[in-house]
Amino acid sequence: MAISVTINGQPRAIDAAPDTPMLWVLRDDLQLTGTKFGCGAGLCGACTIHVKGEPQRACQLTLKDAAGLEITTIEGLKGRVAGAVQAAWAKLDVVQCGYCQSGQVMAATALLTAKPKPSDADIDVAMDGNICRCATYPRIRAGIHAAAASLEG
Amino acid sequence: MTDATFSTQQSIFKMIGSPLDALPVDQPSAAEPSRRSFLKIAGGTGAGLMLALAAPGLGAVPAQAATPAGGGLADAFLRIAPDNTVTVILKHADIGQGAATGLSTLVAEELDASWAQIRTEFAPSDPVRYKNFAFGVQGVGGSTGLANSFEQYRTVGATARAMIVAAAAKEWGVPAADISVTNGVVSIASGKTATLGAMANAASLQAVPSNVTLKTPDKFTFIGKSFPRVDSVAKTNGTAKYTIDQQMDGMLIAVIARPTKFGATVAKIDATATEKSAGVVKVVQVPQGVAVIAKSTWAAIKGRQALKVTWDESKAEVRGTADLLKDYKALLDKPGLSARKEGDVEGAFAKAAKVVSVDFEFPYLAHAPMEPLDCVVHYTGSSAEIWTGSQLQTVDHGTACAVLGLKPEAVKLNTVWAGGSFGRRAIADAHFVAEACALAKAYGQPVPIKVIWTREDDIKGGYYRPMYVHRLKAGLDKDGTIIAWQHRIVGQSIMAGTPFESMAVKNGIDNTSVEGANNLPYAIANLSVELHTVKAGVPVLWWRSVGATHTAHATEHMIDLLAKEAGKDPVAFRLSLLKGKPRHIGALKLAAEKAGWGTPMPAGTARGVAVHESFGSYVAQIAEIALKPDGSVKVTRIVSAIDCGLAVNPDVVHAQIEGGIGYGLGAALRNEITIKGGVVEQSNFDSYEPLRMSDIPKIESHIVPSAEKPTGVGEPGTPVALPAVANALFSATGQRTLQLPMTRQKYTSA
């Protein structure tokens, strides 16, 4: 039986096994491949999505538990804060391989939405769950500060 | 040598032969040819201007190599379309190192294009046209990407520019010398202008100049400046497509059950439960294990969980890392094969006032790129199409042909964005392509199949940076001068048993085992470097910066131990030993100056220095650490200086240094693969945890100004971070870092 989840503002009826992690529902069933697979164990943050605006790991949320929830993926990420984050990422050329960056952008947007002027310590706490093997961390940190500054103006 | 030696690699090679046999390849040449001749392969078709490199010795490129307008181009380096887009065809993969941006910069420079009109496409597999001049085959690695393309891609741009200018001269009835091209606009003094795109069709009818003049550096408008990466936007909004993102009608997903011990093979399969598992389509055996093919990724993963495989471990490697370490250490007492010998080492030790001897241990390391290995194969029986983040296209393509039993022209390899590599996607046996082709062939239905490695497959899957032990023994005279140096290394060979063996292994010495040690830059009259190559069944592979990952630490930490014995400042000690090494000195002096070397440090903090050359680039780093009251240590700052010749895009150089340091610090502080009874003990990012945001120090990257030819930047930043941090700790506490990672020291991220 199909399970209803609101994805990027659109109600979707999903016919997949109820224990399927939303990561694979998004990627395989809905072709929303911006949400990435990195570990499947909630350890790396590559699959970060927003559930009612809060960052969550799509690999740790089953379809059954997502029933009725409002989920935003990188494809549906909109708004002033997200725009500032993505603009800062481009301006500072944060990306290298880029594979983790959907998750980084989702986590950074959630941080700046909750805390418009984060300290370095705030950034450590909010971003420590998002691994980047290219170690673009210094630029992610700078990007968050730059986005915060642009949102102030 | 045990029977299990390189079992995985060799069994696949036996199966397919050398992948390089399948395709026509040139012998590698030491340097990029200074000029290439170009010829037009398509034009006057309304498709704009297309250029292809004429293959040396082949005369004209076969006409059928060029596909007509609109259908893409099989073998061009550049496409200027009437819509005014300039598409640069990338012969190299972009694994995050910035190849797409770098190669585009070279074309844009000589074409005088505007950066906004640049687009990129990955080239198809073609070892003749798209070879890396450093390898003789298509592929990128060893930080050669930009160095081997520097004149080639500029010549592509300059040739196109000359044809555009010739076309404008004809159309406007003026001498070519009166025409200028700036920022993508062709113009003459009278005010007439045209875009590159508007002139492209006419340009395609012009003769191809055989000898174009490249700009002198004072005329550069792109090279040496930091233009934005071409992939920034697509990689921040989720639209960049990696292998794992490929979606096709009827596509199936596969995961493979692999043996828990390297070299084990399938004895018995019980797929009863798997075949009943929802969404599973088929279970097939391949040389690498047992593949579960399903309608979705989750179905494949669950199907694999239900699978029962009995493994034949009779030829498996059953030793653990502790067993191997014991054997390796025993070899440290015996002379190895000589990799370098100068003077009279034994005689010098006999005269030494002081002798320092230390043993180092380096663990196996996984690469763990964020995108685990993956490959899509669509096999029809008579042809195949493959999508993967191919770093060695010629090897991947040749392997696919061999496994599928198809000719190269029947197999199309599409290179797509790769979610990191660090060496892991450049594999001499292309095992991840081989297994995907093997299972597609075994399945036999003409549908695309995407093979995905889970993170556990990745961490447990071998192809590690080899484990090594070193013994470094040095003798000082009464004045503190190093008069004797003996360096003995024990470890597996990365190159043995691969198609690259003849290039890299000479007289029994695999250069990747000793590089960084046998070219020690310090002036020491009596010096010996020896190697014991051992065999173990654990597959090994190059890991970002290859030999330097261990030799830089051993040599540069040793220098600090000796500086202390000699009572000398570590920077001054190095400078006194660097005779005729101006580029080491330049990097070292710049890093020391920028870090404020010699200025007082607050209590509880310390600096450490290291300098090392790899891949033709010279990197010095100064690390700063803070000791916490509870005894824990935080790396707070790293100041880096690189001499990489001319920095084509300085911001990309800085990015590679920042990332390289982060990667190296992971190996310094906490990453290791351990094996017990043949079974890898780590499995995911909890037990093999990369550095995270809070672990990363402040990093400051500087570039030594240089007009030398560009050299590598992807790898040289990585190995220097380890000894720099170790030397800071040694300075602060006197504690030596002889075993990596530095897990005996408690590190803190705050």
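## Exercises on a predicted two-chain model

In chain B, five strands form an open sheet of 5 strands in the order E14-E24-E21-E20-E15, with mixed pairing. The model is predicted, and the exercises below start from this sheet.

**Exercise 1.** Determine which strands are the edge strands of this sheet, and describe how strand E20 of chain B is joined to strand E21 of chain B.

*Solution.* Begin at the two ends of the order: strand E14 (337-342) and strand E15 (354-362) of chain B each pair on one side only, and they are the edge strands. Next, consider E20 (residues 468-476) and E21 (residues 482-492) of chain B, which run antiparallel and are joined by 9 bridges; B:Gly475 stands opposite B:Ala484 in E21(B). Across the sheet, neighbouring strands are turned against each other by 10 degrees on average, when direction is ignored. Finally, add the helix H15(B), which lies across E15, E20 and E21 of chain B and runs at about 30 degrees to E20(B).

**Exercise 2.** Work out how H15(B) is oriented towards H16(B), and which residues make the contact.

*Solution.* The axes of helix H15 (residues 548-566) and helix H16 (residues 570-577) of chain B are 9 Å apart, and the two helices pack at an angle of about 100 degrees. Because angles of 65 to 115 degrees count as roughly perpendicular, H15(B) is roughly perpendicular to H16(B). The contact is made by B:Ile559, B:Asp560, B:Ala563 and B:Ala566 of H15(B) together with B:Pro570, B:Phe573 and B:Arg574 of H16(B), and its residues divide into 5 nonpolar, no polar and 2 charged.

**Exercise 3.** Apply the reasoning to H3(B) and H4(B), and then identify what H3(B) gives to the largest nonpolar core.

*Solution.* Helix H3 (residues 150-172) and helix H4 (residues 196-204) of chain B have axes that come within 8 Å and cross at roughly 85 degrees; they are therefore roughly perpendicular to each other. On the H3(B) side the meeting residues are B:Met163, B:Ile164, B:Ala167, B:Ala168 and B:Glu171, while H4(B) brings B:Leu196, B:Met199, B:Ala202 and B:Ala203. By class, this contact has 8 nonpolar, no polar and 1 charged residues.

Turning to the core, the largest nonpolar core has 294 residues, and those with the most contacts inside it are B:Ala254, B:Ile293 and B:Leu439. H3(B) gives the most to this core, with 12 residues. Beyond its neighbours within four places in sequence, B:Ala254 is in contact with several residues, including B:Ile293, B:Leu439 and B:Val451.

Terms used: Residues are numbered from 1 along each chain as its sequence is written. Chains are lettered from A and ligands numbered from 1 in the order in which they are written. This is a predicted model: local features need pLDDT of at least 70, side-chain atom pairs count only at pLDDT 80 or more; totals for chains, interfaces and linings use all residues. Axes are lines fitted to C-alpha atoms, for helices over the stretch in contact, and angles run from 0 to 180 degrees between N-to-C directions. Helices (H or I, at least four residues) and strands (E, at least two) are DSSP runs, numbered from the N terminus. Angles under 35 degrees count as roughly parallel, over 145 as roughly antiparallel, 65 to 115 as roughly perpendicular and the rest as oblique. Two residues are in contact if their C-beta atoms, placed from the backbone, lie within 7 Å. Ala, Val, Leu, Ile, Met, Phe, Trp, Tyr, Cys and Pro count as nonpolar, Asp, Glu, Lys and Arg as charged, and the others, Gly among them, as polar. A nonpolar core is a set of buried Ala, Val, Leu, Ile, Met, Phe, Trp, Tyr and Cys residues joined through C-beta atoms within 7 Å. A residue is buried if 20 or more other C-beta atoms lie within 10 Å of its own, exposed if 12 or fewer, and partly exposed in between; C-beta atoms are placed from the backbone. Two strands pair if DSSP finds at least two bridges between them.
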